[in-house]
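Got your viewer open? Here is a short walk through the charged pairs and one greasy spot, with something to select at each stop.

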Amino acid sequence: MPHRVRGGTMQIGELAERTGLSLRTIRHYDDVGLLPASRTEGGFRVYTEQDVERLLVVRQMKPLGFTLEEMAELLELLGAEPASPERLAEYLERARPERDKLARKLAQADEFIAMLEHRLGR
């Protein structure tokens, strides 16, 4: 069971569990400034619900091939009021073809699995 830290924060293990990301990935995102962690007096990383939400957005961006710097900019744009519609539109135009590429790869994988299942009589 994850250890809860006072003030509604959580430690890295719970954050990893809730986001499906590895401890190593979360630490890396902290090291590069994408998800800077608060620290306890003992030096342990602690995170908030806002950090969970931020990481879930990062997880959505990752398959689309954005760099860490681009993800940081996107997070900033998404949190800005008012957001820059021109810059967001540029990212959207880059995300769509990447999503289409992923969909084609998934369809190919499904075809291969179907062929294997057919060969096995399933």
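Partly exposed means a relative accessible area between the buried limit, under 20%, and the exposed limit, over 50%. Keep in mind that you are looking at a predicted model.

Start by selecting Arg 96: at 45% relative accessibility, Arg 96 falls in that partly exposed class. Now add Glu 93, which forms a salt bridge with Arg 96, with the closest N and O atoms 3.0 Å apart. Both sit in helix 5, three residues apart, or about one turn of the helix. Glu 93 is partly exposed too, with a relative accessible area of 49%.

Next, pick Arg 94 and Glu 70. They make a salt bridge with N and O atoms 2.8 Å apart at the closest. Glu 70 lies in helix 4 (residues 68-79) and Arg 94 in helix 5, so this pair ties together parts 24 residues apart in sequence. Glu 70 is buried at 18%, while Arg 94 is partly exposed at 38%.

Then jump to Asp 31 and Arg 45, whose side chains meet in a salt bridge (3.6 Å, N to O). Asp 31 is in helix 2 (residues 23-31) and Arg 45 in strand 4 (residues 45-47), so the bridge ties together parts 14 residues apart in sequence. Asp 31 counts as exposed at 60%, but Arg 45 counts as buried at 16%. Add Asp 30 and Arg 39 to your selection to see the salt-bridge network linking these four residues. The structure holds nine salt bridges.

Last stop: select Phe 112, Ile 113, Met 115 and Leu 116, which make a nonpolar surface patch of about 350 Å². Met 115 is in helix 5 (residues 85-119) and is partly exposed at 37%.

Technical notes
Residues numbered from 1 in each chain as written. Predicted model: local features only at pLDDT ≥ 70, side-chain atom pairs only at ≥ 80, totals over all residues. Heavy atoms only, no water. Patch = residues over 30% accessible without salt bridge, like charges linked within 9 Å, V, L, I, M, F, W, Y side chains within 5 Å. Areas by Shrake-Rupley, 256 points an atom, 1.4 Å probe, with all protein chains shown as cover. Helix = DSSP H or I, 4+ residues; strand = E, 2+ residues; numbered from the N terminus. Buried < 20%, exposed > 50% of the residue type's maximum accessible area, 1.4 Å probe, protein only.
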